[in-house]
Amino acid sequence: MALSTADTAPSVSTPTPTRPTSPPTPRWRSREALTAWLFILPSLIGFLIFTAGPVVAAGVISLLNWNLFSAPTWAGLHNFARLGPDPTFWSALGNTAYFTLVSVPLTIVVSLALALPLNQGVRRVAVFRSLLLLPYATITVAVAFVWIWLYIPHDGLVNAVLGWFGIHGPAWLISDGWAMPALILMSVWKSFGFGMVVFLAGLQAIPQQLYEAGRVDGTSPWNSFRHITLPMLSPALFFVIVTSVIGSFQVFDQALIMTNGGPGTRTTTLVMYIYRTGFENYDQGYAAAQSLVLFAFIVMITAGQFLFQRKLVHYDN
Amino acid sequence: MSTNLSRRRFLGMTGFAGLGVAAAGAVSGCSSGPPAGAATWSMWSSSAAEKKVWDDFGKYVEQQLKVKSIASLTPSTGYPTKLDLQLVSGTASLVTALNGTLIPTYAARGAHRPLDDLIAADPDFSLDDFYETSRRIGSFNGKTYAIGFDVAPTVMYYNKDLLKKQGIPLPSRTEPMSWATFRDLCKQLTKPGQQYGFTCAPAIDDLVSWIYCAGGNVMSDDAGRSTLGDPEAMEALQYVIDLFVKDQVTPPIKNLVTESSLSNFLQGNVAFMQNGPWQVVNARKAKFDWDIIPFPAGAAGSKPRVSGSSFAIPSGVREGAELDLAWKLMKTLTSTGALDIYAKAGRNNPARLSAGSAFQPPPDNLGIVQEILAGKLAGGHAFDVTTNWNQVKQLLGQDLPRTFLGQVSVPDAINGLTPRLDILMRQHLDTVRQATARKG
């Protein structure tokens, strides 16, 4: 087959006159991006000044010996080396882990257990929701003092109720074995409202068609909960777990007010120990080293949760 | 004229307004310090009655110095933290109140300046009018760092009505009773669940009076080691713990944090309360007749803790006019006139002998406070503390209260505490050495 010249001749494009174009505006300099930055700026400035700045400062202070009043001296990694042989640090870390491991699952179970019936078209749901949210909205100091009275060994309400069932209640806040469970119980009561509201929002977003389809297939309520509710609620569950774990690692005020870390060091938490080291013992460097270790723990656990969520959390889209 | 506002223009105006407000706030924040030349001083204040006393102090200062008095009042629990932050940030007042137990802590770290040069250069001021114990409390490492405004020994309050009701003769107003007599009385006055013989705080602050009376101490003379394990201190600790655990002559402890001996005493069913004259003003609310007597005498006699509070000048106060004003303010706040106001309000026994007459009954036997301080009656022991007293107190606060509950025996608690206390004592000595070196 012969090729026509048109096929073989090199194509020559006719240059068309074009206006000189400026290089495209980078995305970060676009008008939308600048507007977005403007809106983010107040929050960003706050974050840099009140969060990132102190974290960096803590990093520097952890390398110093500083009693607040005299000029600091270089300590290198000595403050971190002090952590190993410090029994109170490990005790406080253990107490914090104990608090977290028990209080977070309990809070989630209670929150979910209350959110599920509230999602079933209960009348005056707003009233119940508000009442159940009250403990969360109340300041911890006030709640802690109320619970101190509830826990009074001889005539407190908790032991009085236990007495109706023939149970001799312990001396909650001064007992070696019961002081931490008492704090956990109070903390669960204080914080379940937050999880409940998040779960309620998550439950209301689940399409009803899924349940209807399940009913058509004869799914039992338990299976419906297990295979529809829980997977669809997993983003909310994940959010509550992450925020609860972070909050639990930072537990401070209730322990300070209700037990002051005692008896012994049974309820001394890591944040309480950091505060005492820095502001009562004037050992800022060591307190900063402890706070960085706490920060690392929280980052590692949260990162682990984010890795884990890829397998377990189901997003609608 | 068109008044339409585009969204962009609105956002722009909002942004500028926000920046303006922020800038104005920053500027006003920077300029919100006290006016130059004002007499600034900081103090703890936890009640309206206390505030009234400090307001009167402020008026007295203005009257004497002819400058504006600005008092920074903070509830007592938050006072140390606020003071620390003010000292570090250079925003502390010219004169700051200090609890006596913290004077070595601040002095050793250079937070406050020694006052000896100012005292020596001022012919109008003398420390001779201050109780010796108050002068001792205000000193550290051989120098005067603070000047007292109150000082008092721990005494024993008793419910006169309760003793009369039980047909028990009232105790001597001047002669301290022995520990054995005191224990017998407490047992006699106790009816479990209804009435109790004695109450005190389950803490080192109260235990230390018994330790001093037994001839012991928390630390050795050179503060180089803990002496809580010595026989004298152990005897005292065991005696008090037995009152709680073995004899059960004390109201049951409900909570270690909120336990209050005053609250127990005011219930009207407790015969004796260990406390200081600083609680006289609160005990006057009691609905029964009560009085005070000297602290029971142990092997070393009646030597309860003597504690007090003082005023000090931060190191950050600049030489020159600022320091001159600070010193004048210090003299005014600790003058007989000011302490008269304090004592008349019944807050506590004043640190100056010349203001003593203003601390008046009730109770009838209040005069023993000054007789004890003057060494005419019974005795007292200045509260010996270290430069890391917060840490020592914290450590003792962890394990000692458990002995009051019977959870741990006294020997076990002290054996567990001693090695850690010894470390703190050595750190204290290091701090003293560093402070000495810093001052050349």
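The following exercises, with worked solutions, concern chain A of a predicted model.

**Exercise 1. Overall dimensions**

Determine how the radius of gyration of chain A compares with that of a compact globule of 317 residues.

*Solution.* Begin with the reference value: a compact globule of 317 residues would have a radius of gyration near 20 Å. Next, take the value for chain A, which is 29 Å. Then consider the box filled by the C-alpha atoms of chain A, roughly 110 × 70 × 40 Å along the principal axes. Finally, note the secondary structure within that box: chain A contains 13 helices and 2 strands.

**Exercise 2. The two domains**

State the domains into which chain A is divided, and describe the side of domain 1 of chain A that touches domain 2 of chain A.

*Solution.* First, set out the bounds: domain 1 of chain A covers 29–74, and domain 2 of chain A covers 85–312. The C-alpha centres of these two domains of chain A are 30 Å apart. Second, count the participants in the contact: domain 1 of chain A contributes 10 residues and domain 2 of chain A contributes 8 residues. Third, identify the elements on the domain 1 side: helix H2 (31–61) and strand E1 (64–65) of chain A each supply at least two residues. H2(A) gives the most, with 4 residues. Last, sort this side by class, which yields 6 nonpolar, 4 polar and no charged residues.

**Exercise 3. Helices H5 and H8**

Classify the packing of H5(A) against H8(A) as parallel, antiparallel, perpendicular or oblique.

*Solution.* The geometry comes first: helix H5 (residues 125–137) of chain A and helix H8 (residues 179–204) of chain A pack at an angle of about 135°, with their axes 6 Å apart. Angles over 145 degrees count as roughly antiparallel and those from 65 to 115 as roughly perpendicular; H5(A) is therefore oblique to H8(A). The crossing of H5(A) and H8(A) is left-handed. The contact includes A:Arg129 and A:Tyr136 from H5(A), and A:Trp189 and A:Phe194 from H8(A). Its residues divide into 9 nonpolar, 2 polar and 2 charged.

**Exercise 4. Helices H4 and H10**

Describe the crossing of H4(A) and H10(A) and the classes of residue in their contact.

*Solution.* Start with the axes: those of helix H4 (residues 87–118) and helix H10 (residues 221–249) of chain A come within 9 Å and cross at roughly 145°. The crossing of H4(A) and H10(A) is right-handed. Then list participants: among them, A:Phe99, A:Ser103 and A:Ile108 lie in H4(A), while A:Ile241, A:Ser244 and A:Phe249 lie in H10(A). By class, the contact of H4(A) with H10(A) comprises 7 nonpolar, 7 polar and no charged residues.

Notes: Residues are numbered from 1 along each chain as its sequence is written. Chains are lettered from A and ligands numbered from 1 in the order in which they are written. This is a predicted model: local features need pLDDT of at least 70, side-chain atom pairs count only at pLDDT 80 or more; totals for chains, interfaces and linings use all residues. Domain bounds come from an automatic or database domain assignment. Two residues are in contact if their C-beta atoms, placed from the backbone, lie within 7 Å. Ala, Val, Leu, Ile, Met, Phe, Trp, Tyr, Cys and Pro count as nonpolar, Asp, Glu, Lys and Arg as charged, and the others, Gly among them, as polar. Axes are lines fitted to C-alpha atoms, for helices over the stretch in contact, and angles run from 0 to 180 degrees between N-to-C directions. Angles under 35 degrees count as roughly parallel, over 145 as roughly antiparallel, 65 to 115 as roughly perpendicular and the rest as oblique. A crossing is left-handed if the near helix is turned anticlockwise from the far one by less than a right angle, and right-handed if clockwise. The radius of gyration is taken over C-alpha atoms; the globule rule is 2.2 Å times the number of residues to the power 0.38.
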